[in-house]
Amino acid sequence: TRSDAIVVLTGGSNRLRVGLDLLSQNRADKLFVSGVYRGIDVSELLEVFQRAPEELSCCITLGYDAVDTVGNAAETAAWMRENEFTSLRIVTANYHLPRGLMEFRRAMPDITFIPHPVFPQNVHLDSWWRWPGTARLIAGEYNKYMASKLFGRLLSKPYRSGAARHSIVLSPGNK
């Protein structure tokens, strides 16, 4: 399925390669890479992945502000609004996709999302409990997912104290 844009969430192996492949296959007009280290530019990324700059550099934007999934969603939402896109393919690891989609839906409720999981070779989901690294990863991701779900519920429901109702309001300084 084609979308207006593709977002790659940095932090995992093979995600960027998959995002570049999707862009090359004309699955979207633009690619946004969220959570890139400052100082890295598009030409460097294309060189690392052995892509011709003249083919793809026009269509790639790098985001440098995100440091976590909530930041990825916020950074991408601003970019989506700026470009007036309405559909987005999310490229991230298969174990990260449920939480990523939750955060992205919270940040962009009117956008159509197309999940695109990447399956890292070093993550062993079959018999995950036998692989200490995978077990830690899955347990950590589960805890983050549950915290995100709880946080989302707290944000979406008014707080009741007697007859008064109060909403939870977070400013950028409250994390």
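Reader: What volume does the largest cavity have?
Author: On a 1 Å grid over the protein atoms alone, a cavity is a set of points where a 1.4 Å probe fits but cannot get out. Points are joined across faces, edges and corners, and a volume is the space filled by probe spheres set on them. One cavity of 30 Å³ or more turns up by this rule. The volume of that largest cavity is about 40 Å³.

Reader: Okay, what pLDDT do local features need here?
Author: Quick housekeeping: residues are numbered from 1 along each chain as its sequence is written, and side-chain values use heavy atoms, with hydrogens and water left out. This is a predicted model, where totals for chains, interfaces and linings use all residues, side-chain atom pairs count only at pLDDT 80 or more, and local features need pLDDT of at least 70.

Reader: Back to that cavity: which element gives the most to its lining?
Author: Lining residues have an atom within 4 Å of a grid point, and here they are Leu16, Leu20, Leu31, Val33, Val42, Leu45, Leu46 and Ile60. Two or more of them come from each of α1 (15-24), β2 (30-34) and α2 (42-48); helices (H or I, at least four residues) and strands (E, at least two) are DSSP runs, numbered from the N terminus. The top contributor, with three residues, is α2.

Reader: How do those lining residues split by polarity?
Author: Ala, Val, Leu, Ile, Met, Phe, Trp, Tyr, Cys and Pro count as nonpolar, Asp, Glu, Lys and Arg as charged, and the others, Gly among them, as polar. Sorted that way, the lining of the largest cavity has no polar and no charged residues, and the nonpolar ones number eight.

Reader: Take Leu46 from that list. Is it buried or exposed?
Author: Leu46 sits in helix α2, and its C-alpha is 8.1 Å from that of Leu56, ten residues away in sequence. The cut-offs are under 20% relative accessible area for buried, over 50% for exposed and in between for partly exposed (1.4 Å probe, protein chains only). Because its relative accessibility is 1%, Leu46 counts as buried.

Reader: And α1, how many of its residues are buried?
Author: The buried ones are Arg15, Leu16, Val18, Gly19, Leu20, Leu22 and Leu23. Just after this helix, Asn26 takes a positive phi of about 65°. So that you have the tally: α1 is mostly covered, and its buried residues, out of ten, number seven.

Reader: What about open space? Which element gives the most to the lining of the second largest pocket?
Author: A pocket is an open set of points with protein on both sides within 12 Å along at least five of seven lines. The second largest one holds about 650 Å³ and has 31 lining residues, with Leu9, Thr10, Gly11, Gly12 and Gly35 nearest its centre. At least two lining residues come from each of β1 (5-9), α1, β2, α4 (69-83) and α6 (132-156). The leader, with four residues, is α6.

Reader: How many charged residues are in that pocket lining?
Author: The pocket's lining is a mix, with 14 nonpolar residues and ten polar ones. The charged residues number seven.

Reader: Any ring geometry to report? What angle lies between the planes of Phe104 and Phe113?
Author: Rings of Phe, Tyr and Trp (its six-membered ring) pair if their centres lie within 6.5 Å; planes under 30 degrees apart are stacked, over 60 edge-to-face and the rest tilted. That gives three aromatic pairs, and ring pairs link Phe32, Trp79 and Phe85 into a cluster. Phe104 and Phe113 are both buried. Their rings are edge-to-face, 6.3 Å centre to centre, with a plane angle of 90°.

Reader: Which residues does Asn94 touch, beyond four places away in sequence?
Author: Asn94 lies in the loop between β4 (87-93) and α5 (97-107). Since its relative accessibility is 17%, Asn94 counts as buried. With contact meaning heavy atoms within 4.5 Å, Asn94 touches Pro117, Val118, Phe119, Pro120 and Leu125.

Reader: Zooming out, what share of the 175 residues counts as buried?
Author: The protein chain has six helices and seven strands, in the order β-α-β-α-α-β-α-β-α-β-α-β-β from the N terminus. Of the contacts with a separation of 6 or more, 72% join residues 24 or more positions apart. The buried share of the 175 residues is 41%.
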